[in-house]
Amino acid sequence: ETSIKDLVSEIFNISKWKPEIIEERKSLQGSVKRRVPDISKIIKAVNWSPKTALKKGLTETVKWYRKHS
């Protein structure tokens, strides 16, 4: 499980970019506190499972955006 804060931190590390200001905000009232998708249905339905680790996928995504922007 990866928090949004950890995900953003990893993207900043991979992209070697550090913004001057990072503003953390409280969740809106009624917002879901934790998002943990269950992928078991897709695994069973189409015999699919993720094959790319999160860090590698983020690295490839940053590389792609740099090439195409």
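**Helix 1, helix 3 and the largest pocket**

In this predicted model, the axes of helix 1 (residues 4-15) and helix 3 (residues 54-68) come within 10 Å and cross at roughly 55 degrees.

Reader: Nice start! Is helix 1 parallel or oblique to helix 3?
Author: The two axes cross at roughly 55 degrees. Angles under 35 degrees count as roughly parallel, and 65 to 115 as roughly perpendicular. The crossing angle therefore makes helix 1, relative to helix 3, oblique.

Reader: Is the crossing left-handed or right-handed, and which residues of helix 1 make the contact?
Author: Helix 1 passes helix 3 in a crossing that is right-handed. Helix 3 brings Leu54, Lys55, Leu58, Thr59, Val62 and Arg66 to the contact. From helix 1 come Leu7, Glu10, Ile11, Ile14 and Ser15.

Reader: How many residues of that contact are nonpolar?
Author: Happy to split them by class! The contact of helix 1 with helix 3 has 3 charged and 2 polar residues. Its nonpolar residues number 6.

Reader: And the largest pocket: which helix gives the most to its lining?
Author: That pocket holds about 650 Å³ of space. Its lining has 20 residues, with Thr2, Ser3, Ile4, Lys5 and Val8 nearest the centre. With 6 residues, the element giving the most to the lining is helix 1.

Technical notes. Residues numbered from 1 in each chain as written. Predicted model: local features only at pLDDT ≥ 70, side-chain atom pairs only at ≥ 80, totals over all residues. Heavy atoms only, no water. Axes fitted to C-alpha atoms, helices over the stretch in contact; angles between N-to-C directions. Helix = DSSP H or I, 4+ residues; strand = E, 2+ residues; numbered from the N terminus. Parallel < 35°, antiparallel > 145°, perpendicular 65-115°, else oblique. Left-handed = near helix turned anticlockwise from the far one by under 90°. Contact = heavy atoms within 4.5 Å. Nonpolar A, V, L, I, M, F, W, Y, C, P; charged D, E, K, R; others polar. 1 Å grid on protein atoms, 1.4 Å probe; cavity = no way out; pocket = protein on both sides within 12 Å on 5 of 7 lines; lining within 4 Å. Points joined across faces, edges and corners; volume = space filled by probe spheres on them.
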